[in-house]
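Reader: I have not looked at this one before. Can you walk me through it?

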Amino acid sequence: MSICPNCGSKHIEQHDASGASICTECGVVVEENAIVSSVEFVEGAGGASSMVGQFVSQTSARAYTAGRGGRYGFSRDSRETTLLNGRRRIQDVASRMRLGSHYVDAAHRLFTIAVEKNFVQGRRTTHVVAACLYISCRQEKSQHMLIDFSDALQVNVYTLGTCFLKFRRLLGLKLEIIDPALYVYRFAAHLELLDKANAVALTALRLVGRMKRDWIVLGRRPAGICAAALLIAARAHGFSRHHQDVTRILRVCGLTVHTRVKEFEKTPSAGLTLEQFHTVEIEHEVDPPAFTKNRIREARARAIQQKNYDLLTSGALDDPLDGKNPARWRKAGRKQKLQTAHDELYKELEQQLNPTDDGQKREAGDELEKDSSKVQQTQGTSGKQKLQTAHDELYKELEQQLNPTDNGQKQEAGDELEKDSSKVQQTQGTSGKQKLQTAHDEL
């Protein structure tokens, strides 16, 4: 309550029209030009009406200035317009996701920081709004995932994830890891479990807690853990559910669910019945799956160095988490098969080059002679050498035809010269390349 600074009286009268507060005892104006919620209009010279005073919104830092084209005769600056449009977008997305007003307020505060740090520049407002709402959901520990915003906005989930990570890095926020137990009740309602939905959800929650103590949850996405827990719990209560049923609802890969189930099979809790699982508390913790896998790899490397073939082929070093074929690592690959073939070839060559007895020496000699004849036949010479050899042979034949030694040879030479002259007359007028090609063909 206001007190008169002149007489100290508490009888203060408020005038909403003028926005003034007047003391009724001494008549002193205690306050004037106060912000009032009443709206008044005055008529101008041209008959147009205008609002009296200045409009101050709930989120604005100062009053709007009068100007043309503005709402109610007042205009806003670009920053106020951006914040107002951002809040409208946030309310639109929140209504689609069925989020409360406190999520909208928290997301709008984050959006205001994004505008101040120019994070909105060069990015779609929808992506920034989704990142702000997802951060508020993470802080409030709600049951919403990033893929839910992707479905509501019809935007690629990796695009939203990139925007979220950059905004979180800009603000330096440290968000807690999502507990997989948050999604159990939400997705258990979509498995058509009828009246046993609550019992299956409780079993799944207990499975998630057991997986945490056995180091299965650490470093894994919560959707995969939740899917594996719901699948195991539904089967334990007598429901016939497959990997496709949970992967379709939680939108995770089937191989991920299969791997989580395999990891849980190696724990002592997997051998308990449903009643024992709810009553017996196992204090022993199992090593993390990644730790066990690395120990198996180290044991394989040690056995290979020691050349312990019995241990390598016994199957004791097979990893059961490798799927349907855990012994696949013992099979020779393509490179190993090629190296083995090369080694065998080299051994055969050594035996041929270094025979032990006379029979082997004789066989090796025959094989080497055959190889040398093949090499001589297949020894490739250059094109110039082949052409020169052909020319030399042609010149020798011409000399023999021009210089015969006896009458029979002279007569044969004359016949061949007549044939050659007829061939030359037929090939006259052709280019040098064609003559050379013809000579090569005849040769």
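Author: What follows covers the sheet, a helix pair, a pocket and a cavity. This is a predicted model, in which local features need pLDDT of at least 70 and side-chain atom pairs count only at pLDDT 80 or more, while totals for chains, interfaces and linings use all residues. Residues are numbered from 1 along each chain as its sequence is written, and side-chain values use heavy atoms, with hydrogens and water left out.

Reader: Start with the sheet. What order do the strands come in?

Author: The order is E1-E2-E3, in an open sheet of 3 strands with antiparallel pairing. Strands (E, at least two residues) and helices (H or I, at least four) are DSSP runs, numbered from the N terminus. Two strands pair if DSSP finds at least two bridges between them.

Reader: Which are the edge strands?

Author: Strand E1 (12-15) and strand E3 (29-31), each of which pairs on one side only. From one strand to the next, the twist averages 35°.

Reader: How many bridges join E1 to E2?

Author: There are 4. His15 has Ala20 in E2 as its bridge partner.

Reader: And E2 to E3?

Author: Strand E2 (residues 20-23) is joined to E3 by 2 bridges. Ile22 is partnered with Val29 in E3, and Ser21 stands opposite Glu31 in E3. E2 and E3 make a hairpin with 5 residues between them, and Gly27 in the turn has a positive phi of about 80°.

Reader: OK, helices. At what angle do H1 and H3 pack?

Author: About 60°, with the axes of helix H1 (residues 78-97) and helix H3 (residues 125-140) 10 Å apart. Axes here are lines fitted to C-alpha atoms, for helices over the stretch in contact, and angles run from 0 to 180 degrees between N-to-C directions.

Reader: Which residues meet there?

Author: From H1, Gly86, Arg89, Ile90, Val93 and Ala94; from H3, Thr125, Thr126, Val129 and Leu133. Contact means heavy atoms within 4.5 Å. By class, the contact of H1 with H3 has 5 nonpolar, 3 polar and 1 charged residues. Ala, Val, Leu, Ile, Met, Phe, Trp, Tyr, Cys and Pro count as nonpolar, Asp, Glu, Lys and Arg as charged, and the others, Gly among them, as polar.

Reader: Now the pocket. What volume does the largest pocket have?

Author: About 1000 Å³. On a 1 Å grid over the protein atoms alone, a pocket is an open set of points with protein on both sides within 12 Å along at least five of seven lines, whereas a cavity is a set where a 1.4 Å probe fits but cannot get out; lining residues have an atom within 4 Å of a point. Grid points are joined across faces, edges and corners, and a volume is the space filled by probe spheres set on the points.

Reader: Which residues are closest to its centre?

Author: Tyr134, Ile178, Arg221, Pro222 and Ala223, out of 33 that line the largest pocket. H5 gives the largest share of that lining, 6 residues. The lining has 20 nonpolar, 5 polar and 8 charged residues.

Reader: How many cavities of 30 Å³ or more are there?

Author: There are 2, and the largest cavity holds about 60 Å³ of space. Its lining divides into 4 nonpolar, 1 polar and 4 charged residues, with Arg206, Phe277 and Glu281 among them. Helix H7 (residues 197-213) gives the largest share of this lining, 3 residues.
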